[in-house]
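Please open the model in your viewer and keep the sequence panel beside it, so that each selection can be followed in both. The tour moves from one selection to the next and says what is to be found at each stop.

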Amino acid sequence: MATVLTSDAVLPLTCTRAGTCCHGKAVWVTPWEAVRLAEALGVGPERLFRERTDGGIRLRFDGTDRWRGQPACALYDPATGCRAHGGRPLACRLYPLGRRHDGTTAVILHEGTVFPCLDGCPSVADLPRMTVADYLRDQGTGPWETAQDRTRELAADLAEAAFAVVVDSGLLRARGRAVVKGWGAVGRESPAARAAVLGPWFAPLIMPRLGADPADPAAWIAAHHQDLQHRLQDAFARLADPAALAEAGLACLRMAVHLGQACGGDAEALARTWARRAESLAG
Ligand code: SF4
Ligand code: SF4
């Protein structure tokens with residue numbers, strides 16, 4: 001159950017800065033967000049991925065500080081708050097709000113029918129209220145929203161690449177549903193397990209080395225898109241062996257699910273949807 005909000009809705013959105021919402025949450029990060037986080041922390045992306053994330057797409061909540069028994073985010077400092085405030089991801093900029101995108105339009109909402117901050121920070125009710133539009137402006141969500149939308153498009157394109165590999169090659173028609181048997185299960189893999197199985201595709205997918213400027217999310221993600229397309233072309237365009245083609249399709253699908261989950265998508269639902277579409281094409 002969620003409450004969808006209009007941009008002129010007035011809510012108690014002035015934060016108490018108590019940091020309660022930096023505990024016990026699931027914060028997903030796209031590759032572009034991870035670059036911005038690493039910049040703000042002053043560490044390289046590899047170190048961020050290794051020490052602070054699961055599978056490169058979810059921040060670890062393994063800090064020593066606890067609130068109601070729930071551990072803090074790996075980037076939370078009990079004395080000063082977020083160690084990467086300037087580069088914090090979209091989920092943190094939006095909280096207590098959220099953003100749902102149905103493929104064409106995005107809506108702003110909050111979970112449940114009761115305003116979330118009232119539970120952890122009841123004194124928020126005594127602070128100045130503001131409109132949703134003003135809050136989003138204050139939080140500077142614009143570039144982060146652009147990044148999430150472009151990354152979601154990239155994930156969808158990787159799923160199309162998976163279809164291209166198994167459909168355009170004639171493999172699905174020749175071998176049937178067995179070719180895409182493992183697709184649905186990809187959504188049930190944990191981020192860390194999926195990252196491990198991605199093997200050589202993990203680095204170009206999650207920590208690409210691009211010449212583009214991360215200050216421009218659209219340009220950076222376009223460069224990421226292009227880099228992945230070239231790599232896929234080089235690796236898969238000349239494959240002919242059925243087993244290798246099936247593996248290539250699964251690798252593309254796994255990349256699509258991983259990136260879709262990095263955007264906050266439901267990995268199981270994404271994998272299931274794409275697997276069903278492939279099965280229907282197999283007849
Ligand atoms: S729960 Fe709300 S008021 Fe409390 S720290 Fe988080 S955003 Fe601020
Ligand atoms: S990234 Fe920063 S703002 Fe977000 S949960 Fe972690 S400590 Fe809190």
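Two strands are taken to pair if DSSP finds at least two bridges between them. With that in mind, and remembering that this is a predicted model, begin with strand E9 (98-101) and strand E10 (residues 106-111), which run antiparallel and are joined by 4 bridges.

**The hairpin and its sheet**

Display the backbone of E9 and E10 and follow the chain from one to the other: the two strands form a hairpin with 4 residues between them, and in the turn Gly-103 has a positive phi of about 105°. Two of the bridges can be picked out by residue, since Arg-99 has Ile-108 of E10 as its bridge partner, while His-101 is matched in E10 by Ala-106.

Now add strand E1 (2-5) to the selection, which pairs with E10 in the antiparallel sense over 4 bridges. Here Val-4 is the residue to label, together with its bridge partner in E10, Leu-109. With the 3 strands shown together, the open sheet reads in the order E1-E10-E9, with antiparallel pairing. E1 and E9 are its edge strands, each pairing on one side only, and from one strand to the next the twist averages 45°. Strands of a sheet pair through backbone hydrogen bonds, either parallel or antiparallel.

**Two backbone details**

Select Tyr-95 and Pro-96 next, and look at the peptide bond between them, which is cis, with omega at about 15°. Pro-96 belongs to the loop between H3 and E9. Then move to Arg-17, in the loop between strand E2 (10-11) and H1, where phi is near 60°, a positive value in a residue other than glycine.

**The two ligands**

Which residues come nearest to ligand 1? Of the 13 residues around this ligand, they are Cys-15, Thr-16, Cys-21, Cys-117 and Cys-121. Coloured by class, the shell around ligand 1 shows 8 nonpolar, 4 polar and 1 charged residues.

For ligand 2, select Cys-22, Val-27, Leu-59, Cys-73, Leu-75, Tyr-76, Cys-82, Ala-84, Arg-88 and Cys-92, which are the residues around it. This shell has 9 nonpolar residues and 1 charged residue, but no polar ones.

**Where the domains touch**

Zoom out and colour the chain by its domain assignment, which gives domain 1 (2-140) and domain 2 (143-282). The C-alpha centres of domain 1 and domain 2 lie 27 Å apart, and 22 residues of domain 1 are in contact with 25 residues of domain 2. On the side of domain 1 that touches domain 2, the elements giving two or more residues are helix H1 (31-41), helix H2 (45-52), helix H3 (90-94) and strand E9 (98-101). H1 provides the largest share of that side, with 5 residues. Sorted by class, the side of domain 1 that touches domain 2 comprises 11 nonpolar, 4 polar and 7 charged residues.

**A helix pair**

For the last stop, select helix H8 (residues 191-198) and helix H11 (residues 242-262), whose axes come within 10 Å and cross at roughly 145°. Two packed helices are described by the angle between their axes and the distance between the axes. The crossing of H8 and H11 is left-handed. To see the contact itself, show the side chains of Pro-191, Arg-194, Val-197 and Leu-198 on H8, and of Arg-254, Met-255, His-258 and Gln-261 on H11. The residues in this contact of H8 with H11 divide into 4 nonpolar, 2 polar and 2 charged.

Note on methods:
Residues numbered from 1 in each chain as written. Chains lettered and ligands numbered in written order. Predicted model: local features only at pLDDT ≥ 70, side-chain atom pairs only at ≥ 80, totals over all residues. Domains from an automatic or database assignment. Contact = placed C-beta atoms within 7 Å. Nonpolar A, V, L, I, M, F, W, Y, C, P; charged D, E, K, R; others polar. Near = placed C-beta within 6 Å. Axes fitted to C-alpha atoms, helices over the stretch in contact; angles between N-to-C directions. Left-handed = near helix turned anticlockwise from the far one by under 90°.
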